[in-house]
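Work through the exercises below with the sequence and the structure at hand. Each task is followed by a worked solution.

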Amino acid sequence: MSVQLYQDVNTGQILEHINALDEYFIMVRDQAGNVSTKFWQHLIPYDPKTGKRYKGLNTVVEIEEPDEPIPVSVFPTVERRLDLNRADAAQIAKHLNGVGYRIAKQIVELRKSLPGERFSTLESLRRIGRVDWDAILDADLVYIS
């Protein structure tokens, strides 16, 4: 299945193209399935195979199931414990063994969907499957501020 993917330059969110409304607006679907409209000028084409953005418009890419590569960060994680209310997806994926970039993005999306866009307890992380949260919590690798 061939779809067009774009990245919102303001939020970094990856969006699926649904329909071009006019020369200014595009209808898109986010990873949670929410449909919205965005300005064309705020979007750039995105390739999920490489995790890279491209300047040329109308780039068609294939959606692939393997995990996305972790973006290179200029800020290394120095502390042994990671604050999940402040970390971005790349920091989470690099810090927690067994958590890939796709799952890390789900953690960030869950955090954004909560009241105040913050985790109030670590137990709310259990909503995200395929992660051994008991091992992560027992190893004291994460905390919330």
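**Exercise 1. Locate E117 and D140, and describe their phi angles.**

Step 1. E117 sits in the loop between α2 (101-113) and α3 (133-138); helices (H or I, at least four residues) and strands (E, at least two) are DSSP runs, numbered from the N terminus. The model is predicted: local features need pLDDT of at least 70, side-chain atom pairs count only at pLDDT 80 or more, and totals for chains, interfaces and linings use all residues. Residues are numbered from 1 along each chain as its sequence is written, and side-chain values use heavy atoms, with hydrogens and water left out.

Step 2. Most residues other than glycine have a negative phi. E117, which is not a glycine, has a positive phi near 50°.

Step 3. D140 belongs to the loop between α3 and β10 (142-143). The phi of D140 is also positive, about 55°, and this residue is not a glycine either.

Step 4. D140 counts as partly exposed because its relative accessibility is 33%; buried means under 20% relative accessible area, exposed over 50%, partly exposed in between (1.4 Å probe, protein chains only).

**Exercise 2. Describe the aromatic pair of Y6 and W40.**

Step 1. The structure has two aromatic pairs. Rings of Phe, Tyr and Trp (its six-membered ring) pair if their centres lie within 6.5 Å; planes under 30 degrees apart count as stacked, over 60 as edge-to-face and the rest as tilted.

Step 2. Between Y6 and W40 the distance is 5.8 Å centre to centre and the planes are at 85°, an edge-to-face pair.

Step 3. Y6 is in strand β2 (residues 5-8) and W40 in the loop between β5 (35-39) and β6 (43-47), so the pair ties together parts 34 residues apart in sequence.

Step 4. Y6 and W40 are both buried.

**Exercise 3. Find what the salt bridge of K38 and D8 connects.**

Step 1. There are six salt bridges in the structure, each a side-chain nitrogen of Lys or Arg within 4 Å of a carboxyl oxygen of Asp or Glu.

Step 2. K38 and D8 form one of them, at 3.4 Å from N to O. K38 lies in strand β5 and D8 in strand β2, so this pair ties together parts that are 30 residues apart in sequence.

Step 3. D8 counts as buried because its relative accessibility is 4%.

**Exercise 4. Which residues are linked in a network of salt bridges with R126?**

Step 1. R126 meets E123 at 2.7 Å, N to O.

Step 2. R126 also meets D134, at 2.9 Å, N to O.

Step 3. The network therefore links E123, R126 and D134.

Step 4. R126 is partly exposed at 39%, as are E123 at 47% and D134 at 41%.
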